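The following paragraphs go from the chain as a whole to its rings, its enclosed spaces and a few individual residues. Please keep the model open while reading.

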Amino acid sequence: AIPNTPLLPSDRMRPPQLGGVAAALAVAFAILAAESDTTTVQPAVYGRSSMRNRSLEKKLIKTLLHRYNETGIVGRPVVKASDLMTIQFGLAIIQILDLDENRQFLRTNCWMRYAWQDPLLNWTWNGTEEAREWKSFENITQLRLNPEDVWTPDIRLFNFADTRLKEKRTARIVVYQDGSVLWVPQSLFKSTCEIEIKYFPFDTQTCSLEFGSRTYDLTKINLTWYPFEYEVYKYEPNPYVDFTNYIRSHEWITDGQEEFTVRPSQRERQLKSRMKCKKITTLDRNGTKHTRIYQTLVYKIRMRRNPAFYLSILVLPCILLSCLTWVIFWLPPESPAKMLLGMNIFVAFFVLMLLLAKTTPSAVRDFPYIGYFYGFNMVLITLSTFLAAIVLNFYVRAERQKPMNHILRRWAVEGLGRMFLVRQAVPLKSPAELSAASSAADAAALRSASHQTLSGGLAVSAKSATDDAGDSPILSMPSGPGGMAQYGEVEREVREIRQFLKSYVGRLKEKDRRNMASMEWRTLAVVLDRLFFTAYLICFFAAVIVFIPRGHEPLEDYLNFMESDACYIPI
């Protein structure tokens, strides 16, 4: 295994052993530089020591660059070709510029951190004769050089989605006396990111930035994590994105913006980055297989959307309109406003659906649950309007309906009516009780009417007899056969009255029967209305439970990655 030890400016590396010609050239160049330094005219405003240090710094830079020009910057700065070069790489995010859900890319402003050891940039004087030329530069501890003048690692972003040729901004490298190099360029990255909006607007996105080299394999370059200083002069590898200087976004909340001061080995919320090793097998001309391993540092950024804006324009109106749908069932069955209100709510949901289509990405794998919730509510509103029409038809046409079937009456009016407390609001009798009560009422009405008619007629006759005996046909009628004829005429008239009373009672009975049938159908309409309302409530709350935003998705499966933060060279 390749050890993962941080390279720091305090680490020392032995300077390279130069050949005879190169050593002679270096000594001659140092002598000429010293002579030119003694002949330099010093301005009066600066002290001699200050100007001497300035000129020494320039001479040191020229000396180092001259040595680099001799060796060249095309290869790795190593003493032997078989030497393994360790490069520490870190990523510090400054700002999340944009996350385009439709085109699925992430734009970030980052600082990249490189640290490696370059023996060609070492000017340490260790008291030996070979390093005598560096004695005059021992007070200079660090230099700033242009990255074009020295070797820099070719670590690139693999999952880029940018059309620009350059991502980095110009930044000089810092070279320390022992040959340690630090390079922190600023970069604007545009990387691909797979978007998952199933739980929009309560979704969580995980984007990755993959860095590595495709020219140097594991036998040439060992890519490790940049160290994190958790105490003074105490370091440990940091396999996390650095959020120290992060500018917080109003739309996205990251899990690393709260733990950037915590030691990497003790972080719990931030998503840990991984080292991915890819094997590439090639064939040479002889047909021999050669396997090379290339390292890739996969930095993970997990972002949770701030749903405040979308709650106010998408979620809250949806809930209010869903609650307004309940009013359709609360209105009286005979009210035509039930149909009008249902159609208006449907149009309002359609407008919200158009707004949702504008705010959510279209090129996604799964449709968001809030869209399913919108569509489900539109289906419920359509069904509620259709059922309201059925209830209204039952209620209005109840007087022209035939008597209800006894099975439907027992199941709907008797059973569901008691369940939804409709029988208490509209009291009804059973068919047997209704038939017995109707017969008793008919007999009582007939007896009462006959008694009132006869008693009224007799009373009138008696009163007339007392007032004027000659005016009453009964009291004044003569005895004998003529009187019997008059009695027969009275009996006939009483019979006609009785027939009239029977027909009148029959009409009352038919009217009561029709009223009772109408009341049954209207009771059925009320029962159906409450049944549909209960079914709508069950479906609504079931949809809320099904489409309610869940907790964060489990972290991605890293079975394809090596769990350790190091790759291994095959033997």
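A residue is called buried here when its relative accessible area is under 20%, exposed when it is over 50%, and partly exposed in between, with a 1.4 Å probe and protein chains only. On that basis, 38% of the 571 residues of the chain count as buried. The model is a predicted one, in which local features need pLDDT of at least 70 and side-chain atom pairs count only at pLDDT 80 or more, whereas totals for chains, interfaces and linings use all residues. Residues are numbered from 1 along each chain as its sequence is written, and side-chain values use heavy atoms, with hydrogens and water left out.

The chain holds nine helices and 14 strands, taken as DSSP runs (H or I of at least four residues for helices, E of at least two for strands) and numbered from the N terminus. With contact meaning heavy atoms within 4.5 Å, residues 24 or more positions apart make up 76% of the contacts that have a separation of 6 or more. The area exposed by the chain is about 32800 Å², of which carbon and sulfur atoms supply 59%; accessible areas come from the Shrake-Rupley method with a 1.4 Å probe, and for residues only the protein chains shown count as cover.

Aromatic rings offer a way into the interior. Rings of Phe, Tyr and Trp (its six-membered ring) pair if their centres lie within 6.5 Å, and the planes count as stacked under 30 degrees, edge-to-face over 60 and tilted for the rest; by this rule there are 21 aromatic pairs. One of them is the edge-to-face pair of Phe189 and Phe211, with 5.4 Å from centre to centre and 70 degrees between the planes. Because Phe189 lies in strand β7 (residues 186-192) and Phe211 in strand β8 (residues 204-212), this pair ties together parts that are 22 residues apart in sequence. Both Phe189 and Phe211 are buried. In the pair of Phe373 and Phe540 the ring centres are 6.1 Å apart and the planes stand at 50 degrees, so this pair is tilted. It links distant parts of the chain, since Phe373 belongs to helix α5 (residues 369-396) and Phe540 to helix α9 (residues 481-547), 167 residues apart. Phe189 and Phe211 also belong to one aromatic cluster together with Phe89, Tyr114, Trp183, Trp225 and Tyr299.

Where is empty space enclosed? On a 1 Å grid over the protein atoms alone, a cavity is a set of points where a 1.4 Å probe fits but cannot get out, and its lining residues have an atom within 4 Å of a point. Grid points are joined across faces, edges and corners, and a volume is the space filled by probe spheres set on the points. Two cavities of 30 Å³ or more are counted, and the largest has a volume of about 60 Å³. The lining of the largest cavity includes Ile155, Ser213, Tyr216 and Tyr294, while β9 (221-225) and β14 (289-305) are the elements that give two or more residues to it.

Ile93, in strand β1 (residues 85-100), has 1% relative accessibility and so counts as buried. Beyond its neighbours within four places in sequence, Ile93 is in contact with residues including Cys110, Val241, Phe243 and Ile301.

Some backbone details lie in loops. A cis peptide bond, with omega about 0 degrees, joins Phe200 and Pro201, and Pro201 lies in the loop between β7 and β8. Tyr233, although not a glycine, has a positive phi of about 60 degrees; Tyr233 is found in the loop between β10 (227-231) and β11 (234-237) and is exposed, with a relative accessible area of 72%.

Note on methods. On a 1 Å grid over the protein atoms alone, a cavity is a set of points where a 1.4 Å probe fits but cannot get out, and a pocket is an open set with protein on both sides within 12 Å along at least five of seven lines; lining residues have an atom within 4 Å of a point.
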